[in-house]
Amino acid sequence: MADDKDKKEKKPDCTECADVEMKQEAEVVAETGDDDKLSREEELEVKVKSLEKEIADLKDERLRTAAETENYRKRLLKDKENAIRYANENLVKDLLDPLDNFSRALQSAEQNKDFDTLKSGISMVEDQILSILSKNWGLEVIDVKDKPFDPSEMEAYSMQEKEGLKEETVLTEFQRGYKLHGKVIRSSKVMVGKPKA
């Protein structure tokens, strides 16, 4: 019987077993909780690094876009400057032939010492220039001789009363006027005849 008694005493108490099991479970939970905590921290670190990389990429993209925009603006400005600088290139090219003809007319006059040759050469060059400017550039000469005075196209430099006139009429042209595509770019300077009262 004593043996049975010893066995009973050696047999652990149920409450002690429960305590041991609870401690073991708590340790497992604690270990798991730490692992979860560590994995959450690692997850957050990965997310932070990912967001930092995304921010760096966006900043880089923004800087590249700003640089491209600045380069585009500079290109446009340079193109505009070139367009302004060379806007009259075709006009100048058109006037080179008449300029050469002026030189030929002057050389011919020097060699021949003939006024009529010079006059006819200069007259031909003038006709050539007017023809080029008219055909290629829309230039028109304002015709004023013996026409009624029109203040929208003419500027009166002087006035003179004259018999036989029914209205104000151009008597003399001091400076030729021009239109460009129908718009007056220089008024004709004229002497105007007024009817005698």
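This report describes the fold, the charged pairs, one helix and two buried residues of a predicted model.

## Overall architecture

The protein chain contains 4 helices and 6 strands. Along the sequence these elements follow the pattern α-α-α-α-β-β-β-β-β-β. Of the 197 residues in the chain, 13% count as buried. The exposed area of the chain is about 16,500 Å², and carbon and sulfur atoms supply 53% of this area. Where contacts link residues at least 6 apart in sequence, 61% of them join residues at least 24 apart.

## Helix H4 and its surroundings

Helix H4 covers residues 115-137, 23 residues in number. From its first C-alpha to its last, H4 reaches 32 Å, close to the 33 Å expected at 1.5 Å a residue. Four residues of H4 are named as buried: Gly 121, Val 125, Ile 132 and Leu 133. Their cover includes helix H3, residues 89-112, and strand S1, residues 139-141. Just after H4 comes Gly 138, whose phi is positive, at about 75°.

Helix H3 also contributes to the surface of the model. Val 92, which is placed in helix H3, joins Leu 96 and Leu 99 in a nonpolar surface patch of about 270 Å². Val 92 has a relative accessibility of 48% and therefore counts as partly exposed, since the exposed class begins over 50%.

## Salt bridges

Across the whole structure, a search finds 9 salt bridges. Side chains of opposite charge can pair when their charged atoms come close. Three of the bridges found are set out below.

| Salt bridge | Closest N to O distance |
|---|---|
| Asp 57 and Lys 53 | 3.2 Å |
| Arg 64 and Asp 60 | 3.0 Å |
| Glu 155 and Lys 189 | 3.8 Å |

Asp 57 and Lys 53 both belong to helix H2, residues 14-85, where they stand 4 residues apart, about one turn of the helix. Arg 64 and Asp 60 are likewise in helix H2, again 4 residues apart and about one turn of the helix from each other. An α-helix has 3.6 residues a turn, so residues three or four places apart point the same way.

The members of these helical pairs can also be placed by their accessibility. Asp 57 is partly exposed because its relative accessibility is 42%, whereas Lys 53, at 53%, counts as exposed. In the other pair, Arg 64 is exposed because its relative accessible area is 52%, and Asp 60, at 36%, counts as partly exposed.

The pair formed by Glu 155 and Lys 189 involves two strands. The closest N and O atoms of Glu 155 and Lys 189 are 3.8 Å apart. Glu 155 lies in strand S2, residues 154-162, and Lys 189 in strand S6, residues 188-195, so this salt bridge ties together parts that are 34 residues apart in sequence. Glu 155 has a relative accessible area of 35% and is therefore partly exposed. Lys 189 counts as buried because its relative accessibility is 13%, under the 20% limit for that class.

## Ser 188 and Glu 153

Ser 188 is another residue of strand S6. With a relative accessible area of 0%, Ser 188 is buried. A polar atom of the Ser 188 side chain lies 3.1 Å from the backbone nitrogen of Gly 177. Leaving aside neighbours within four places in sequence, Ser 188 is in contact with Ile 142, Val 144, Glu 153, Met 154, Glu 155, Glu 173, Gln 175, Arg 176 and Gly 177. This list includes Glu 155, the residue that forms the salt bridge with Lys 189.

Glu 153, also a contact of Ser 188, is found in the loop between S1 and S2. Glu 153 counts as buried because its relative accessibility is 17%. The side chain of Glu 153 makes a polar contact of 2.5 Å with the side chain of Lys 179. Beyond its neighbours within four places in sequence, Glu 153 is in contact with Ile 142, Lys 179, Val 184, Ser 187 and Ser 188. Ile 142 thus appears among the contacts of Ser 188 and among those of Glu 153.

Notes. Residues are numbered from 1 along each chain as its sequence is written. This is a predicted model: local features need pLDDT of at least 70, side-chain atom pairs count only at pLDDT 80 or more; totals for chains, interfaces and linings use all residues. Side-chain values use heavy atoms; hydrogens and water are left out. The expected span of a helix is 1.5 Å times one less than its number of residues. Buried means under 20% relative accessible area, exposed over 50%, partly exposed in between (1.4 Å probe, protein chains only). Contact means heavy atoms within 4.5 Å. A salt bridge is a side-chain nitrogen of Lys or Arg within 4 Å of a carboxyl oxygen of Asp or Glu. Patches are made of residues with over 30% relative accessible area and no salt bridge: like charges are joined within 9 Å, nonpolar side chains (Val, Leu, Ile, Met, Phe, Trp, Tyr) within 5 Å. Accessible areas come from the Shrake-Rupley method with a 1.4 Å probe; for residues, only the protein chains shown count as cover. A polar contact is a pair of N or O atoms within 3.5 Å; within protein, one must be able to donate a hydrogen and the other to accept it, and residues adjacent in sequence count only if both atoms are side-chain atoms.
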